[in-house]
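Trainee: Could we go through this structure together? I would like to begin with a residue that has an unusual backbone.
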Amino acid sequence: MAAPARPPQRERIAVEEGFTIPEIAAAARALAEKSGASTAVTPARRALFQELSDLGERRIRAMDEDGITMQLVVVGSPGVQAFDPAQGTELARLANDRLAAACKAYPTRLAGLAAVAPQNPAGAAAELERAVKTLGLKGAIINSHTNGEYLDAKKFWPIFEAAQALDVPIYLHPREPSPGMAGPLGMPGFRVAWGYGVETGTHVMRLIAGGVFDAFPRLKLVIGHMGESIPFTLERIDNRYLWELEIGGFARTIKHLPSAYFRENIIVTTSGMNYRLPLMMTVALLGIDNLLFAADWPFEKARDAVDAMDAMPLSEEDKAKIYHRNARRVFRL
Ligand code: MN
């Protein structure tokens, strides 16, 4: 079969592209076996693992075919966050060393974010610093909750302190919902698009409500899936925040309105949302400078994301911002 024609040449940086290492996959499998979960290796799972675990020619070839010039590579969800603190910290270091080596081998094609283990907050902050200063990684990825806990808990704030001091973003990426939310959100077939989004969107709201951005006003948080549905509700969130305070007789809990933090501290990516109306609405609400292109390969087809973005009713200038200029600024690529 002939290779599909490549999309027209453009610079395209995709910023939420997955990888894993065999050690993390083996540890995740051992954990699943212990909990009695299914560990069946279906052909689809095997193919996914092969794509995730390659950081060399196979990945570059897939990028060439899809028209992706650069990937910002992140550890596949839930990464190292399900393991005990020592094992999670150790596996994060190993993953970051491997990812950094791949980025050095393909400096114009690959960049990466550091895996960190929030279950060891001081260790996670130290690993973020090592990954940025020594390995040249561009920030951190955190796959939503850690053992059911959310990052608004102050014990995790050393991670935010490190990110702000290093001037690098944290990508807050979904994973399967926390134990308290997993039951109601566990509808087969609806777990990912609805369940993961609601859980991660709730995490973002907890960070805003918990005063994280008052404490770290220069912190940048990147979130996927066109903002996990939050842009659509942003004005109502402000309105009902003020109303709840008034009706309940509460004092303000945060310095600014919720939407101010969303506009100032949060950057949104398009991962998995190759749809015209949500994109145009998000551009209108947040501004063209606050949107980044992501494909979420190999969980989604990068070619679908490219075809959709190429066809959006936006100027070349605006497409260049979404495709690469904003990513170069935000991640300092
Ligand atoms: Mn993803």
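Mentor: Certainly; please keep in mind that this is a predicted model. Let us begin with Met226, which counts as buried because its relative accessibility is 4%, and the cut-off for buried is under 20%.

Trainee: Where is Met226 found?
Mentor: Met226 is found in helix H10, which covers residues 225-228. Its phi is positive, at about 55°, although Met226 is not a glycine.

Trainee: What sign does phi usually have?
Mentor: Most residues other than glycine have a negative phi.

Trainee: What is the phi of Asp167, then?
Mentor: Asp167 also is not a glycine, and its phi is positive, about 60°. This residue lies in the loop between H6 and E6.

Trainee: Is Asp167 buried, partly exposed or exposed?
Mentor: Asp167 is partly exposed, since its relative accessible area is 47%.

Trainee: Which helix does Asp167 follow, and how many residues of that helix are buried?
Mentor: Asp167 follows H6. Helix H6 spans residues 157-166, and seven of its 10 residues are buried, so the rest of the structure largely encloses this helix. Among the buried residues are Trp157, Phe160 and Leu166.

Trainee: What do those buried residues pack against?
Mentor: The buried residues of H6 pack against helices H5 (121-133), H8 and H9 (212-215), and against strands E5 (140-143) and E6 (170-173).

Trainee: Changing topic: at what angle do H11 and H13 pack?
Mentor: Helix H11 (residues 230-248) and helix H13 (residues 276-286) pack at about 40°, and their axes are 9 Å apart. H11 and H13 are therefore oblique to each other.

Trainee: Which residues meet there?
Mentor: From H11, the residues are Pro231, Phe232, Leu234 and Glu235; from H13, they are Met281, Thr282, Leu285 and Leu286.

Trainee: And which residues make the nonpolar surface patch?
Mentor: Met187, Phe190 and Trp194 make this patch, which is about 350 Å². Met187 sits in the loop between helix H7 (179-185) and helix H8 (191-209). With a relative accessible area of 34%, Met187 is partly exposed.

Trainee: One last topic: where are there cis peptide bonds?
Mentor: One runs from Ser77 to Pro78, with omega near 0°. Another joins Trp297 and Pro298, with omega about 0°. Most peptide bonds are trans.

Trainee: Which loops hold Pro78 and Pro298?
Mentor: Pro78 is in the loop between strand E2 (70-75) and helix H4 (85-105). Pro298 is in the loop between strand E9 (291-292) and helix H14 (302-310).

Terms used:
Residues numbered from 1 in each chain as written. Predicted model: local features only at pLDDT ≥ 70, side-chain atom pairs only at ≥ 80, totals over all residues. Heavy atoms only, no water. Patch = residues over 30% accessible without salt bridge, like charges linked within 9 Å, V, L, I, M, F, W, Y side chains within 5 Å. Areas by Shrake-Rupley, 256 points an atom, 1.4 Å probe, with all protein chains shown as cover. Salt bridge = Lys/Arg side-chain N within 4 Å of Asp/Glu carboxyl O. Helix = DSSP H or I, 4+ residues; strand = E, 2+ residues; numbered from the N terminus. Buried < 20%, exposed > 50% of the residue type's maximum accessible area, 1.4 Å probe, protein only. Axes fitted to C-alpha atoms, helices over the stretch in contact; angles between N-to-C directions. Parallel < 35°, antiparallel > 145°, perpendicular 65-115°, else oblique. Contact = heavy atoms within 4.5 Å.
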